[in-house]
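Visitor: I should like to examine this structure step by step, with the reasoning set out for each answer. Where shall we begin?

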Amino acid sequence: MRSLNFDSKKPLLYLVATPIGNMNEVSPRTIEVLKEVDLVACEDTRVSGKLLKMLGLSKPLVSLREHNEVSASAEVIKQILSGKKVAYMSDAGYPCISDPGSRLVKLALQNDINVTTISGPNAALNALTSSGLCEDHFYFHGFLDAKSSVRLEELRKLADRNETLIFYEAPHRIQKTLNDMFVILGNRKACIARELTKKHEEFIRGGLEELSKLDPETLKGEMVIIVEGSLGEIKPDINNDEIIQMVKNLVNMGLSTKDAIKKVAETTNLNKNYIYKIYHIN
C-alpha cells in the first residue's frame, strides 16, 4: 500500500528525535512540529517537559513508556482518530531505537494512520562515525541481555558477523560486558563513546583486552561500544547446551573439568574461557 504522508487526508503521527545530550541540537523543524501538535506523548513527562519548557512551549503530555506501552498506545491512537495532532518522543535520540515507540507505530499503521519521523541526533551513528572503525557496513544490536549466560550466547552468535558491531551499555554493567566481549570476540579493535554531545564527551579507543581493564568508576553515563567485525575466523554452529553436555560427557568418562574444557575448546575451536564461563554459570 502506498501513501503520501504530507499530501493525504489521513491522520499523521509524528515521531520526534530528541537531543542525546546537547540541547542545542533541536532542529527548527522539530520546533515547528512541536508548536503545531495538540498533544505530546513521551517516554518520561519530566524529561520531555524540560525540553518543551526550554523551547518556550507548553503542551499536554501523556506518558508512553515500556511498562504501559500497550494501553498508552491505544489511548494515543484514540486521540489521533478524534482529530488531534500528536507527536511522540522518547527521552533521547530516536523513538523505537532501544526505546519505546514500536508498538505505537504498529498500532497507528493498523488504524490507517500515517507515520513520519522528524530527524535528529542518534547516539549509535555519532559514535560510529567518530570511532575510527570501518563504517561501510555495520550492525546495530543495542543493549545486550543483563543476564551473563544469555549475553555470552548473544555475543557468540554475533562473533562471525563481518560488519562493525554497535552496542549500547549502562555504567553498572559496562565492565562485565567488556569482559564478556573480550572472552568471546578476542582482542578486536573497539571504541567506547560516552557522554556524547555533552561537555565531557569522551572516546576511548583500543583493543577489547585493554578496554576490559578500565576502571569502571571512570565510565559514567550511557555508553556506545563500537567493535570491529569478524576477521574471518569460523566458529561452529553449536549452542551452549550442547557445549555443556560435551564437557559433562568427558567428565563422566574420567577427565577432570579442566581437561574436559580444554578438549572441548580444541574440538569446537571456541575460547576456553568462554566454555568455562557457561559451564560454571549453568
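Guide: Let us begin with E195, which has a relative accessible area of 18% in this predicted model. Buried means under 20%, so E195 counts as buried.

Visitor: Between which two strands is E195 found?

Guide: E195 belongs to a loop and not to a strand. Leaving aside neighbours within four places in sequence, its contacts are H200, E201, K220, G221 and E222. The loop that holds E195 runs between β8 (189–194) and β9 (202–207).

Visitor: How many helices and strands does the protein chain have?

Guide: The chain comprises 282 residues, of which 45% count as buried. Its C-alpha atoms fill a box of roughly 75 × 40 × 30 Å along the principal axes. The secondary structure consists of 11 helices and 10 strands.

Visitor: Among contacts between residues at least 6 apart in sequence, what percentage join residues at least 24 apart?

Guide: The percentage refers to contacts in the protein chain between residues at least 6 apart in sequence. Within that set, the share joining residues at least 24 apart is 71%.

Visitor: How many aromatic pairs does a search of the whole structure find, and which residues do ring pairs link into a cluster?

Guide: The search finds two aromatic pairs. One is formed by F140 and Y168, edge-to-face, with 5.1 Å centre to centre and 70° between the planes. The other, F143 with Y168, is also edge-to-face, at 5.7 Å and 70°. Ring pairs thus link a cluster of F140, F143 and Y168.

Visitor: Why does the pair of F140 and Y168 tie together parts that are apart in sequence, and how many residues apart are they?

Guide: F140 lies in strand β6 (residues 138–143), whereas Y168 lies in strand β7 (residues 164–169). Because the two rings belong to these two strands, their pair ties together parts whose separation in sequence is 28 residues.

Visitor: Is Y168 buried or exposed?

Guide: F140, at 28% relative accessibility, is partly exposed, and F143, at 33%, is partly exposed as well. For Y168 the value is 11%. Since buried means under 20%, Y168 counts as buried.

Visitor: Over the ring of which residue does the charged end of R161 sit?

Guide: The charged end of R161 is 4.1 Å from the centre of the ring concerned. That ring belongs to Y139.

Visitor: How many disulfides does a search of the whole structure find?

Guide: C42, which is buried at 0% relative accessibility, is in no disulfide, and the nearest cysteine sulfur, in C96, is 14 Å away. The sulfur of C134 is 14 Å from the closest cysteine sulfur, that of C191, and this is too far for a bond. C134 is partly exposed at 46%. Across the whole structure, the number of disulfides found is zero.

Visitor: Which helix gives the most to the largest nonpolar core?

Guide: The largest nonpolar core has 36 residues, and those with the most contacts inside it include F167, M181, I184 and L185. Not counting residues up to four places away in sequence, L185 touches L155, A159, L165, L208 and V227. The helix that gives the most to this core, with six residues, is α7 (residues 174–185).

Visitor: What distance separates the C-alpha atoms of I174 and P216?

Guide: I174 has its place in helix α7 and is buried, with 0% relative accessibility. Apart from neighbours within four places in sequence, it is in contact with E169, L219, M223 and I225. I174 and P216 are 42 residues apart along the chain, yet the separation of their C-alpha atoms is 7.0 Å.

Visitor: Why are the buried residues of helix α2 on the same side, and what arc do they cover?

Guide: In helix α2 (residues 45–54), the residues S48, L51 and L52 are buried. They lie on the same side of α2 because the arc they cover around the axis is only 95°.

Visitor: Which residues are exposed on the other side of α2?

Guide: The buried residues of α2 pack against α1 (28–36), β2 (39–42), β3 (61–63) and β4 (86–89). On the other side of the helix, the exposed residues are R46, K50 and K53.

Notes: Residues numbered from 1 in each chain as written. Predicted model: local features only at pLDDT ≥ 70, side-chain atom pairs only at ≥ 80, totals over all residues. Heavy atoms only, no water. Helix = DSSP H or I, 4+ residues; strand = E, 2+ residues; numbered from the N terminus. Buried < 20%, exposed > 50% of the residue type's maximum accessible area, 1.4 Å probe, protein only. Contact = heavy atoms within 4.5 Å. Phe/Tyr/Trp six-rings, centres within 6.5 Å; stacked < 30°, edge-to-face > 60°. Lys NZ or Arg CZ within 6 Å of the ring centre and 35° of its normal. Disulfide = S-S within 2.5 Å. Core = buried A, V, L, I, M, F, W, Y, C linked by side-chain atoms within 4.5 Å. Arc of directions from axis to C-beta.
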